[in-house]
Amino acid sequence: MDILIQGLTAITIKQVVLWIIGGILIYLAIAKDFEPALLLPMGFGAIIVNIPMSGAVTQMIDGTAVEGVLDVLFNAGITTELFPLLIFIGIGAMIDFGPILQNPFMLLFGGAAQFGIFFTICMAGLLGFPLKEAASIGIIGAADGPTSIYVASKFAKNLLGPISIAAYSYMALVPVIQPWAIKLVTSKKERQIRMTYRPETVSQTTKIVFPIAITVITGLIAPNAVPLIAFLMFGNLLRECKVLDNLSNTAQNELVNIITILLGITIAATMQAEKFITVQTGMIIGLGLVAFIFDTIGGVLFAKFLNLFRSEKVNPMIGAAGISAFPMSARVIQKMAQKEDNQNFILMFAVGANVAGQIASVIAGGLILMLVH
Amino acid sequence: MLNLLSLEETLPLMVEGMGGIFVVVLILYLLIKFLIKVFPAKKLPESQNRQ
């Protein structure tokens, strides 16, 4: 009889709190559609790893470590960085670089909107996090889940749980965070600025050469970033070569879906109550919000700075679209522009900046890997 | 208590990081301009253009 109730008697308050958090993640995923592909597996995983003596994670039984399946997956897919990299192939196959090739000027906004990453690294350092942990927290500002997971898996595996939750939750909250941050630093008149779209015509050869060239160039500058950039661009090459539609479709659908299922539930292995419920976790969630806010502010202020020198003004909201949350951020910007002036169409600029953000966030991840020792 | 000493590490990282991103972004801008020039899109014949 004792054996049957040993699980029940071993429950701790912290584990119950993690069940509730798991339940909230599942609720947000299903009822609010907040990044369900990741938050639902993470929520369920948070529950199963916090069942007392759960066989899903490694347990010491009679002095011997019995490896749990989630730890096996963690060591195989996260410690080796395999899962985030495989997801990058799928993401690369999903991205159409057309908007940025047609309007390469938008790349600048992708760069500027990474400001939140570095600002947050400074803040995390001030709060006492060691540099590698601060860098892993700052990269939440890449607004790019796999990049955040990749950098954190290199620098701070112990923080993977809260970093992933923050990254994916705030991405889902872009429509709430960005309008507020944009209004903080722009006037109504600035938000009403109209722009004329003059796209370049782009050949298919350019679309094919671009992913190869970008891999070589960024690889030469930041060799540590080669896996990140190369897997992303490999996926894009599958898409653009137009002779491997089956592989491109597989990368976009089956591959991404399988890895997403495994990634979410595997990250939950780091959400064991004793390690997860800490002041540190609260600070990471808070710093993640800081990262998103300062990405937006950085992008907008950069656009305003450019306007000091340009005769043809840029709507500064375009700067905010330079984050990696695609296409959500671009949609938010267009919606805001039309709210101020219902005849203002800046969607194509915003999409260009948003695609630039996808490239720049990966470059930022690579540079952090190179600069932080 | 804020760890102000950390700024000795993080501020240079911010300068190098943002500087690095802008350098790469500018190189990519030039790369795209170059590719568009070297591999121009084929213009549609006038008849197809009208359609």
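The two exercises below, each with a worked solution, concern helix packing in a predicted model.

**Exercise 1.** Determine how helix α3(A) is oriented relative to helix α16(A), and which residues meet where they pack.

*Solution.* Begin with the axes: those of helix α3 (residues 36-49) of chain A and helix α16 (residues 245-267) of chain A cross at roughly 40 degrees and come within 7 Å. Angles under 35 degrees would count as roughly parallel and 65 to 115 as roughly perpendicular, and α3(A) and α16(A) are therefore oblique to each other. Next comes the handedness, which is right-handed for the crossing of α3(A) with α16(A). Finally, A:Ala37, A:Leu38, A:Leu40, A:Pro41, A:Met42, A:Phe44 and A:Gly45 of α3(A) meet A:Thr260, A:Ile261, A:Gly264, A:Ile265 and A:Ile267 of α16(A); the residues of this contact divide into nine nonpolar, three polar and no charged.

**Exercise 2.** Describe the packing of helix α21(A) with helix α1(B), and then the side of chain B that touches chain A.

*Solution.* Helix α21 (residues 347-371) of chain A packs with helix α1 (residues 7-38) of chain B at an angle of about 135 degrees, their axes being 10 Å apart. That angle makes α21(A) oblique to α1(B), and their crossing is right-handed. Among the residues making the contact are A:Ala360, A:Ile363 and A:Leu371 of α21(A), together with B:Leu13, B:Glu16 and B:Val25 of α1(B); the residues of the contact comprise ten nonpolar, two polar and one charged. Turning to the chains as wholes, 30 residues of chain B are in contact with 36 residues of chain A, and the side of chain B that touches chain A divides into 21 nonpolar, five polar and four charged residues.

Methods: Residues numbered from 1 in each chain as written. Chains lettered and ligands numbered in written order. Predicted model: local features only at pLDDT ≥ 70, side-chain atom pairs only at ≥ 80, totals over all residues. Axes fitted to C-alpha atoms, helices over the stretch in contact; angles between N-to-C directions. Helix = DSSP H or I, 4+ residues; strand = E, 2+ residues; numbered from the N terminus. Parallel < 35°, antiparallel > 145°, perpendicular 65-115°, else oblique. Left-handed = near helix turned anticlockwise from the far one by under 90°. Contact = placed C-beta atoms within 7 Å. Nonpolar A, V, L, I, M, F, W, Y, C, P; charged D, E, K, R; others polar.
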